[in-house]
Amino acid sequence: MYLHFFKRMIDLILSLVGIILLSPILLVLSIIIKCTSKGPILFKQKRVGKDDTHFMIYKFRTMRSDTPKDMPTHLLEDPDRFITPIGHFLRVTSLDELPQLFNIAKGDMAVVGPRPALWNQYDLIALRDENGSSKIRPGLTGLAQISGRDELEISKKAALDGQYALKITFVEDLRIFFATFFSVLRHEGVQEGKQK
C-alpha cells in the first residue's frame with residue numbers, strides 16, 4: 001500500500017512544498033549561475049528511470065559548457081578545470097540537485113530511491129535489473145547516498161539499491177531522508193575526478 005500509493009502521494013506533496021518554500025533560493029542561485037559563467041542555468045541529462053525508461057534530469061549547471069558529455073564527474077581526469085566559479089560550492093552542498101524537485105513533481109523520480117543512472121552506465125543498469133531495483137522510481141537521495149555516495153564501487157552501490165528495493169517502508173524512507181541532511185553537512189562521499 002505504501003509503495004504503490006502513499007509513497008507517490010508523499011513525494012508529490014513534498015516536491016510541491018519544496019518548490020514553493022525554496023523558490024527564493026532557486027531564484028537567487030539561478031541569477032548567480034547566469035552571472036558567473038556562460039551557458040544555461042539548468043543542466044539536463046538523459047537518465048534511467050523506473051523500468052529502464054529514460055527521462056531528462058534537471059540540475060543547476062556546475063560545469064562549463066565544454067565539459068565532456070554523459071560522463072560521471074568522478075571519472076573526469078581533471079574536473080577542477082571544468083567546474084564553474086560557484087560550481088564547487090553547489091556540488092559540495094548538493095544545492096545543484098534542487099531542480100530535481102521538478103522531476104519528482106512530474107513523477108520521473110521519488111524523494112528516496114536509487115540515484116538515477118546515466119543512460120550509458122550499462123554495468124550499473126544490468127546489476128539493478130538483476131536485483132529488482134530498476135523497477136522502482138529513482139530518488140533524489142537513497143541508501144547508497146548515505147552509505148558512501150561517489151566513493152562506492154558500482155557493485156556495492158547496486159547491492160545497496162537492491163537492499164532498499166526489498167524493504168521499502170515509510171520508516172526506512174524517513175531514516176534515509178534525515179540521514180541525508182547529516183551526510184550533506186559532513187560532505188560525505190563527494191568525489192571529484194578519477195581516483196589515482
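Buried here means under 20% relative accessible area, exposed over 50%, and partly exposed in between. The views below all come from a predicted model.

**View 1. Serine 94, tucked into the loop between α3 and α4.** With a relative accessible area of 15%, serine 94 falls under the 20% cut-off, so it counts as buried. Leaving aside residues up to four places away in sequence, serine 94 touches Arg149 and Val184. Have a look at the backbone too: phi of serine 94 is near 65°, a positive value in a residue other than glycine.

**View 2. Aspartate 51, another residue with positive phi that is not a glycine.** Its phi is about 60°. Aspartate 51 lies in the loop between β1 (42-48) and β2. At 44% relative accessibility, aspartate 51 sits between the two cut-offs, so it is called partly exposed.

**View 3. Helix α2 and its buried side.** Start with the length: α2 runs over residues 23-36, and at 1.5 Å a residue its 14 residues should span 20 Å, which agrees with the 20 Å between its end C-alpha atoms. Leu26, Leu29, Ser30 and Ile33 of α2 are buried. These four cover an arc of only 105° around the axis, so they end up on the same side of α2. An α-helix has 3.6 residues a turn, so residues three or four places apart point the same way. Over on the other side of α2, Leu27 and Cys35 are exposed. And what covers the buried residues? The cover includes α1 (2-21), β2 (54-60), α3 (87-92) and α4 (100-106).

**View 4. A nonpolar patch on the surface.** Here Met1, Phe5, Phe6, Met9, Ile13, Val17, Ile20 and Leu21 come together, with about 830 Å² of accessible area between them. Leucine 21, one of the patch members, lies in helix α1. Its relative accessible area is 63%, over the 50% cut-off, so leucine 21 counts as exposed.

**View 5. Lysine 7 and aspartate 173, a salt bridge between α1 and α7.** The side chains of lysine 7 and aspartate 173 meet with N and O 2.7 Å apart. This pair ties together distant parts of the chain, with lysine 7 in helix α1 and aspartate 173 in helix α7, 166 residues apart. Are the two partners buried or exposed? Lysine 7 is buried, at 7% relative accessibility, and aspartate 173 is buried as well, at 6%. The structure holds seven salt bridges, and this pair is one of them.

**View 6. Helix α6 and what it packs against.** Helix α6 covers residues 154-166 and has 13 residues. From its first C-alpha to its last it reaches 19 Å, close to the 18 Å expected at 1.5 Å a residue. The buried residues of α6 are Lys157, Ala158, Leu160, Asp161, Gly162 and Tyr164. They pack against α1, β3 (110-112), α5 (122-131) and α7 (170-185). Lysine 156 is in α6 too, but with a relative accessible area of 44% it is partly exposed. Lysine 156 and phenylalanine 181 are 25 residues apart in sequence, and their C-alpha atoms are 22 Å apart in space.

**View 7. Arginine 128 and aspartate 161, a salt bridge between α5 and α6.** The closest N and O atoms of arginine 128 and aspartate 161 are 2.8 Å apart. Again the pair links distant parts of the chain: arginine 128 is in helix α5 and aspartate 161 in helix α6, 33 residues apart. Both arginine 128 and aspartate 161 are buried. Elsewhere, salt bridges that share partners join Lys59, Glu97 and Arg115 into one network.

**View 8. Lysine 106 and aspartate 108, a salt bridge with one exposed and one buried partner.** The two side chains meet at 3.5 Å, N to O. Lysine 106 is exposed, at 51% relative accessibility, whereas aspartate 108 is buried, at 18%.

**View 9. Histidine 88 in helix α3.** Histidine 88 has 43% relative accessibility, so it counts as partly exposed. Where does lysine 59 lie relative to histidine 88? The two are 29 residues apart along the chain, and 14 Å separates their C-alpha atoms.

Notes
Residues are numbered from 1 along each chain as its sequence is written. This is a predicted model: local features need pLDDT of at least 70, side-chain atom pairs count only at pLDDT 80 or more; totals for chains, interfaces and linings use all residues. Side-chain values use heavy atoms; hydrogens and water are left out. Helices (H or I, at least four residues) and strands (E, at least two) are DSSP runs, numbered from the N terminus. The expected span of a helix is 1.5 Å times one less than its number of residues. Buried means under 20% relative accessible area, exposed over 50%, partly exposed in between (1.4 Å probe, protein chains only). The arc is that of the directions from the helix axis to the C-beta atoms. Contact means heavy atoms within 4.5 Å. Patches are made of residues with over 30% relative accessible area and no salt bridge: like charges are joined within 9 Å, nonpolar side chains (Val, Leu, Ile, Met, Phe, Trp, Tyr) within 5 Å. Accessible areas come from the Shrake-Rupley method with a 1.4 Å probe; for residues, only the protein chains shown count as cover. A salt bridge is a side-chain nitrogen of Lys or Arg within 4 Å of a carboxyl oxygen of Asp or Glu.
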